[in-house]
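Trainee: Please go through this structure with me piece by piece, and explain the terms as they come up.

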Amino acid sequence: MKVAVLGFGTVGVGVYEMLRNARCLEAGPVLVRPGKDDAPFKVTSIEQIAEDPSVDAVAEVMGGIEPAFTYGAAVLRAGKHFVTSNKALVAAKGIELNAIARENGAAFLFSAACGGGVPFLHNLSIARETDEILSMGGILNGTTNYMLDAMQRLGLDYEDALKDAQRLGYAEADPTADVSGLDALRKIMLACAVAYDKLPAEGLLHEGIESITAADVAHFQARGYTCRLLAKGSRAGDSVSAYVEPVLLRAGAPECAVLENYNMASYLGQCSGSIVLMGQGAGRYPTASAVVRDLTCIQRGKKYMLEPGCAHTDADNSQVKHAYYVRLPAELAGELPAESAELDGDVVRMITKPISVSQMHFTAARVRSAEASIFFAAIGG
Ligand SMILES: NC(=O)c1ccc[n+]([C@@H]2O[C@H](COP(=O)([O-])OP(=O)(O)OC[C@H]3O[C@@H](n4cnc5c(N)ncnc54)[C@H](OP(=O)(O)O)[C@@H]3O)[C@@H](O)[C@H]2O)c1
């Protein structure tokens, strides 16, 4: 199978090298921007790929929604299989790409878009055929896991942890999608689409780690907790629950053993019980390995991760309830029902009574709209 590659950046170079070395795959043309075609295998227009009858499949590793969607649709309409590592593209346009692929008898797989090298979506798509997926999620963003781990084990403050993550290449120059939880939210959206045939809209319910301070870390570490940023998805009636938030875990929870920039994705099957997968969620070769794995899956007859009936839905996070650790200005403490509270200078650190995920996230948004600072983390998942 001859494979063209769209984009020649971090992941694209890795995919191309793996294709060059693969026994069962052949490297085809690589799409680059005009002026960057400094080698014979590089081309600068999508037509040179879509109209090339020798190309069987296309791997999109450019990023962004456009022109990735237009290019993906074009090659699928030309009957070529399409795989992508682009979570933003699949979260926004996955259902449309899946329909175009099915109309044209071409395959559409995207396992690198959720978990990087961790084969989470493949396992989920197989498990859902025979088992009921009760819940799923985990640590789906390596950048924030690195930062939280550095703050907790190395005692760094937020700014230094971010600088370290950028120096090591884990965080991008603009880290907003990672630290806000949006990147992890997009990944759990894809997992919901695979497991439940429902692709939730990009809702508001992603709380990242932007507001965590060294004082928060000291407070909950003194009480025996470790903080991780977790994505969670489950069924919620006819809809799904899907959200991302920091969670405080007791030592012994499997997530506490996930250090540095590793990912840990898991699902709870009614029959299988808990299945946990751990590995590198990002990086050139881990991500490229997942892209190339999709291509070999296509060769073995797997064409889709999304069922034809997969549809958009609004997430419903009103049914799941947790107690939360919350730090907020003392004068706003009445915003939440407290189980216990400690005054610490001009802030209150409280443990709430169990409240819904949506109540907690909406309260935090209200506090921030009053230009006040708040950090919260669910207790124990
Ligand atoms: N890096 C990871 O570890 C990782 C992990 C999982 C998933 N992903 C996903 O994989 C995708 C690629 O990530 P990356 O880290 O490889 O990004 P990257 O290093 O920025 O590479 C993207 C490449 O695509 C090129 N490109 C963008 N638009 C193009 C266009 N219209 N025509 C031709 N070339 C174009 C870029 O060129 P310019 O530099 O000239 O813009 C760049 O060379 C993203 O969707 C990302 O979310 C990445």
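Trainee: In what sense do strand E15 and strand E19 pair, and over how many bridges?

Mentor: Strand E15, residues 324-329, and strand E19, residues 375-379, are joined by 4 bridges and pair in the antiparallel sense. Along that pairing, Tyr324 has Ala378 of E19 standing opposite. Two strands are said to pair if DSSP finds at least two bridges between them, and the strands (E, at least two residues) and helices (H or I, at least four) are themselves DSSP runs, numbered from the N terminus. Please keep in mind that this is a predicted model, where local features need pLDDT of at least 70 and side-chain atom pairs count only at pLDDT 80 or more, while totals for chains, interfaces and linings use all residues. Residue numbers start from 1 along each chain as its sequence is written.

Trainee: What actually holds paired strands of a sheet together?

Mentor: Strands of a sheet pair through backbone hydrogen bonds, and they can do this either parallel or antiparallel.

Trainee: OK, so which strands form the sheet with E15 and E19, and in what order?

Mentor: It is an open sheet of 9 strands with mixed pairing, and the order is E12-E11-E7-E9-E10-E19-E15-E17-E16. At its edges are strand E12 (273-280) and strand E16 (338-344), each of which pairs on one side only. On average, neighbouring strands in this sheet are turned by 25° against each other, direction ignored.

Trainee: Which helix packs on that sheet, and which strands does it touch?

Mentor: That is helix H6, residues 142-153, which touches strand E7 (133-139), strand E9 (225-236) and strand E11 (262-269), and whose direction makes about 150° with that of E9. For such angles, axes are lines fitted to C-alpha atoms, for helices over the stretch in contact, and the angle runs from 0 to 180 degrees between N-to-C directions. Contact between two residues means that their C-beta atoms, placed from the backbone, lie within 7 Å.

Trainee: Back to E16, then: is it largely in the open or buried?

Mentor: Of its 7 residues the number buried is 0, so E16 lies largely in the open. A residue is buried if 20 or more other C-beta atoms, placed from the backbone, lie within 10 Å of its own, exposed if there are 12 or fewer, and partly exposed in between. E16 runs antiparallel to strand E17 (residues 347-352), joined to it by 6 bridges, and Ala338 stands opposite Thr352 in E17. The two strands form a hairpin with 2 residues between them, and Gly345 in the turn has a positive phi of about 65°.

Trainee: Which residue that is not a glycine has a positive phi of about 60°?

Mentor: Glu371 does, and this residue is found in the loop between helix H12 (357-369) and E19. Glu371 counts as exposed because it has 6 C-beta neighbours inside 10 Å. Asp197, another residue other than glycine, has a positive phi near 60° and is found in the loop between helix H9 (182-196) and strand E8 (198-200). With 16 other C-beta atoms within 10 Å, Asp197 is partly exposed.

Trainee: New topic: what is the order of the 6 strands in the other open sheet?

Mentor: Those 6 strands have the order E3-E2-E1-E4-E5-E6, and their pairing is parallel. Strand E3 (42-43) and strand E6 (108-109) stand at the edges with a single partner strand each, so one side of each is left without a neighbour in the sheet. Strand E1 (residues 2-6) and strand E2 (residues 26-31) run parallel and are joined by 4 bridges, with Val30 in E2 as the bridge partner of Val5. H1 lies across E1, E2 and E4, running at about 155° to E2.

Trainee: And which residues come nearest to the ligand?

Mentor: Of the 21 residues around the ligand, Gly7, Gly9, Gly63, Asn86 and Ala282 come nearest. A residue is near a molecule if its C-beta atom, placed from the backbone, lies within 6 Å of it. Helix H1 (residues 10-21) gives the largest share of this shell, 3 residues.

Trainee: Last one: where is the cis peptide bond?

Mentor: It joins Glu66 and Pro67, with omega at about 5°, and Pro67 has its place in the loop between strand E4 (57-60) and helix H3 (68-77).
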